[in-house]
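Let's take a walk through this fold, starting with the helices and ending with a few residues worth a closer look.

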Amino acid sequence: MSTPRARGQYAKGAERREQIIQTATDVFATEGFEGTALKRVAERVGVKEATLFHYFKGKQELLTAVLAERDRRSLAVGGESEVGLSIMPGIAERNRNEPGLTTLYAVASATANDPGHASHMYFKERYETVVRDVAVDIERRQKAGEVRTDVGAEALARLVVAAFDGLQLQWLYDKSVDMAEGLTQLVEVLLAPTHPTVSLDSGWSGTGWQDGCRPFRPRGCDS
C-alpha cells in the first residue's frame with residue numbers, strides 16, 4: 001500500500017507533467033517545436049530543459065501529449081464533445097492561428113505510420129475517432145434530409161477528414177489557402193442532396209444551399 005508521502009509525490013509529479021503539457025502547447029502554437037522551443041518551455045515552467053524528460057519517456061512522448069491537448073482545446077472552443085461538420089471550419093481557423101502546432105501535426109502524422117513510432121497509436125486512434133464522430137453526424141443529417149444518401153456516411157466522413165488534412169497541408173505551403181472556406185465549399189459540393197425530397201426547412205433549394213443554411217450549421221437555417 002502506498003504511503004501518504006508517496007501519493008503526494010505522485011500527485012505533484014502529475015501536476016508538473018500537466019503544467020509542462022499546457023506550457024509546451026502554448027509555446028509550440030506560436031514559436032514552433034524545434035530549435036530553442038523546449039528551452040523556452042523549461043524556462044516558463046521553472047526547470048532545466050533536461051528536467052522536462054523526467055516526466056516523459058522522450059521528446060516524442062511530450063509532442064504526442066501536446067497534440068492530444070491541441071485536440072482537447074479545439075473541441076472545448078467548439079463547445080462539443082465530439083467532432084462534427086458544424087465545428088470543423090472553426091477548428092480550421094484555430095489551426096491557422098496556431099501555425100506551430102499545425103506544423104507539428106503535419107510532421108508527426110507523416111512519420112508515425114510505423115507501428116513502433118511513439119505517436120503511432122495516437123494517430124491511429126485519432127483517425128478512428130474523428131471518422132466515427134463525423135460519420136455519426138453525417139448519418140444524422142442524412143436521416144434529416146440535409147445531405148446525400150447515395151453514399152454511405154462513413155465513406156463521406158473519410159473524404160471530409162481527408163480534405164481537412166489536405167487543405168491544412170496546402171496551407172502550410174501557401175498561407176492564402178482558406179481552410180475553413182475550403183471545407184465549407186467541399187460540403188456544399190460533396191454532401192448536397194442528390195434528389196429534391198429534402199424537407200423544405202433544410203435549406204436546400206434544389207440548386208444550392210440558401211445563405212446561412214449550409215450543412216456545417218448545427219441544425220437547418222439560421223433564424
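A quick word on terms before we get going: a helix here is a DSSP run of H or I with at least four residues, and helices are numbered from the N terminus. With that settled, Val160 can be placed in helix α7. Keep in mind that this is a predicted model.

**The overall picture**

The protein chain has eight helices and zero strands, so if you trace the sequence by eye you get the pattern α-α-α-α-α-α-α-α, by the DSSP run definition. Out of 223 residues, 44% are buried. Among contacts with a separation of 6 or more, 61% link residues 24 or more positions apart. As for the surface, the protein chain exposes about 12300 Å², with carbon and sulfur atoms supplying 53% of that area.

**Helix α7 and its surroundings**

Helix α7 covers residues 153-173, which is 21 residues. From first C-alpha to last, α7 reaches 31 Å, close to the 30 Å expected at 1.5 Å a residue.

Which residues of α7 are buried? The list runs Ala153, Leu156, Ala157, Val160, Val161, Ala163, Phe164, Asp165, Leu167, Gln168 and Trp171. The cover over these buried residues includes α3 (59-78), α4 (88-96), α5 (99-111), α6 (120-143) and α8 (179-190).

Val160 is a good one to zoom in on. It counts as buried because its relative accessibility is 0%, and the cut-off for buried is under 20%. Leaving out residues up to four places away in sequence, Val160 touches Leu85, Met88, Leu183, Leu186 and Leu191. Its C-alpha also sits 8.7 Å from that of Val131, a residue 29 positions away along the chain.

**Two nonpolar cores**

In soluble globular proteins, nonpolar side chains tend to be buried together. In this model, the largest nonpolar core holds 28 residues, and the members touching the most other members are Leu85, Met88, Val134, Ile138 and Leu191. Helices α4, α6, α7 and α8 each put in at least two residues of this core. The largest share comes from α7, with eight residues.

Take Val134 from that group: setting aside neighbours within four places in sequence, Val134 is in contact with Val83, Leu85, Met88, Ala157 and Val161. There is also a second, separate core, this one of 26 residues, including Val27, Phe28, Leu67 and Ala108.

**Buried residues side by side**

Here are four buried residues from different parts of the discussion, with their relative accessible areas.

| Residue | Relative accessible area |
|---|---|
| Val160 | 0% |
| Leu38 | 9% |
| Asp137 | 10% |
| Arg73 | 14% |

Leu38 belongs to helix α2 (residues 37-45). Beyond residues up to four places away in sequence, Leu38 touches Phe28, Glu49, Leu52, Phe53, Lys59 and Leu62. The C-alpha atoms of Leu38 and Ala50 are 9.4 Å apart, with their positions 12 residues apart along the chain.

**Charged names in buried places**

Asp137 is in helix α6. What does the side chain of Asp137 lie 2.8 Å from? The partner is the backbone nitrogen of Leu85, and the distance is to a polar atom of the Asp137 side chain. Not counting residues up to four places away in sequence, Asp137 touches Gly84, Leu85 and Ser86. Leu85 has already come up, as one of the core members touching the most other members.

Arg73, in helix α3, counts as buried because its relative accessible area is 14%, with the cut-off at under 20%. Its side chain makes a polar contact of 2.8 Å with the side chain of Asp26. Apart from neighbours within four places in sequence, Arg73 is in contact with Gln22, Thr25, Asp26 and Arg94.

**Aromatic rings**

How many aromatic pairs does the structure hold? There are two. One of them is Tyr122 with Phe123, an edge-to-face pair at 4.8 Å centre to centre with 75° between the planes. Tyr122 and Phe123 are both buried. Together with Tyr105, Tyr122 and Phe123 form one aromatic cluster.

Technical notes. Residues numbered from 1 in each chain as written. Predicted model: local features only at pLDDT ≥ 70, side-chain atom pairs only at ≥ 80, totals over all residues. Heavy atoms only, no water. Buried < 20%, exposed > 50% of the residue type's maximum accessible area, 1.4 Å probe, protein only. Contact = heavy atoms within 4.5 Å. Areas by Shrake-Rupley, 256 points an atom, 1.4 Å probe, with all protein chains shown as cover. Expected span 1.5 Å × (residues − 1). Polar contact = N/O pair within 3.5 Å; in protein donor to acceptor, adjacent residues only side chain to side chain. Core = buried A, V, L, I, M, F, W, Y, C linked by side-chain atoms within 4.5 Å. Phe/Tyr/Trp six-rings, centres within 6.5 Å; stacked < 30°, edge-to-face > 60°.
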